[in-house]
Amino acid sequence: MKNRDAYLVEMGLGPLWKLRNPPVVDSDSVEDRSVNRGDGAAPTTGVGAPPFMPGEVSPRLDAIARMDWPELKTSVAECRACDLCKTRKQAVLGVGDVQADWLFVGEGPGAEEDERGEPFVGQAGKLLDAMLAAIDLKRGEDVYIANAVKCRPPNNRTPEPAETAACWPYLQRQIDLLKPKLIIALGRPAAQSLLQAEVKISASRGKLFDHRGIPAIVTYHPAYLLRTLQDKAKAWEDLLFARNTMRKLKEK
Ligand code: URA
Ligand code: SF4
């Protein structure tokens, strides 16, 4: 019986990259430190160090790790585990098909998402929908969309590492319940949260990472692409890589 990596190598996909030690971030890795969620607010420039999870066990983590979807929804709606709860209108858990093979992870809700309770419904969301359509995907059909933090950071600033860390157990539980075949991290905070390491998008594109046994691909955040048109072609390449990867994963 071959192990998973051997299968992936045979399909031309593996071995999966594992970021065990956080690489040092060089000083020019600023391309997507700030993500403007496209609702007009100025982007902020928080560095967004990785939310290294201390491997802690706590009653909160334990409880979240056992929740079903309705319990997760209620728990997130009532959550006060970080300061983002003070300024949110509502928490935004995620949207889509809970049987989905595809999981897209963004950064956090913006103003419109905070208002409507659904991820990626503003300008960045329109671009995400177009990106999905480009590879024959559609919100809600074989696709689930979530964020690294469930509550809107004030003025759309980048979530603080402590906030991403506090929210991590929810994303982790969503992944455990969904069991997607492939995860697409949109932008740096999502990538860092999933890979638990410092990540530079430009250096991580085109690689297949391992998130606890689930292949993960990193690409630019749609809000970054709205401001940086010259990188749209790279995002397109990443989407083709993702589609090709999914094809191979489904052949297994
Ligand atoms: N940007 C994100 O990262 N997530 C959203 O839900 C909306 C915009
Ligand atoms: Fe809780 Fe996450 Fe909202 Fe923070 S962002 S209050 S951890 S749901």
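**Reading a predicted model: a dialogue**

Modeller: The largest cavity is the space taken by ligand 2. Please bear in mind throughout that this is a predicted model.

Colleague: Which residues surround ligand 2?

Modeller: The shell around ligand 2 consists of Cys79, Ala81, Cys82, Leu84, Cys85, Arg88, Lys150, Cys151, Ala166, Cys167 and Tyr170.

Colleague: How do the residues of that shell divide into nonpolar, polar and charged?

Modeller: Of the residues around ligand 2, 9 are nonpolar and 2 are charged, while no polar residue takes part.

Colleague: How should one read a nonpolar core?

Modeller: The general idea is that nonpolar side chains in soluble globular proteins tend to be buried together. In this structure, the largest nonpolar core has 62 residues, and Trp102, Phe104, Leu182 and Leu194 have the most contacts inside it. Helix α6, residues 161-178, gives the most to this core, contributing 7 residues.

Colleague: Which residues does leucine 182 contact, apart from its neighbours within four places in sequence?

Modeller: With those neighbours left aside, leucine 182 is in contact with Asp101, Trp102 and Leu103, with Leu208, with Ile214, Pro215, Ala216 and Ile217, and with Ala242, Thr245, Met246 and Leu249.

Colleague: Which residue that is not a glycine has a positive phi of about 60 degrees?

Modeller: That residue is asparagine 156, placed in the loop between β3 (143-147) and α6. A positive phi of about 45 degrees belongs to arginine 212, again not a glycine; arginine 212 is found in the loop between β5 (209-211) and β6 (214-219).

Colleague: Is asparagine 156 buried or exposed? And is arginine 212 buried or exposed?

Modeller: The relative accessible area decides the matter, with buried meaning under 20% and exposed over 50%. Asparagine 156 is buried because its relative accessible area is 0%, whereas arginine 212, at 54%, is exposed.

Colleague: Where does threonine 219 lie, and how far is it from alanine 185 in sequence and in space?

Modeller: Threonine 219 is in strand β6 and is buried, with a relative accessible area of 2%. Threonine 219 and alanine 185 are 34 residues apart in sequence, yet their C-alpha atoms are 6.2 Å apart in space. Setting aside neighbours within four places in sequence, the contacts of threonine 219 include Ile184, Ala185, Leu186, Gly187 and Asp238.

Colleague: Where does aspartate 238 lie, and is it buried or exposed?

Modeller: Aspartate 238 belongs to helix α10, residues 232-251. Because its relative accessible area is 3%, aspartate 238 counts as buried. Not counting residues up to four places away in sequence, aspartate 238 touches Arg205, Gly206, Val218, Thr219 and Tyr220.

Note on methods. Residues numbered from 1 in each chain as written. Chains lettered and ligands numbered in written order. Predicted model: local features only at pLDDT ≥ 70, side-chain atom pairs only at ≥ 80, totals over all residues. Heavy atoms only, no water. Near = heavy atom within 4 Å. 1 Å grid on protein atoms, 1.4 Å probe; cavity = no way out; pocket = protein on both sides within 12 Å on 5 of 7 lines; lining within 4 Å. Sits in = over half its atoms within 2 Å of the grid points. Nonpolar A, V, L, I, M, F, W, Y, C, P; charged D, E, K, R; others polar. Core = buried A, V, L, I, M, F, W, Y, C linked by side-chain atoms within 4.5 Å. Buried < 20%, exposed > 50% of the residue type's maximum accessible area, 1.4 Å probe, protein only. Helix = DSSP H or I, 4+ residues; strand = E, 2+ residues; numbered from the N terminus. Contact = heavy atoms within 4.5 Å.
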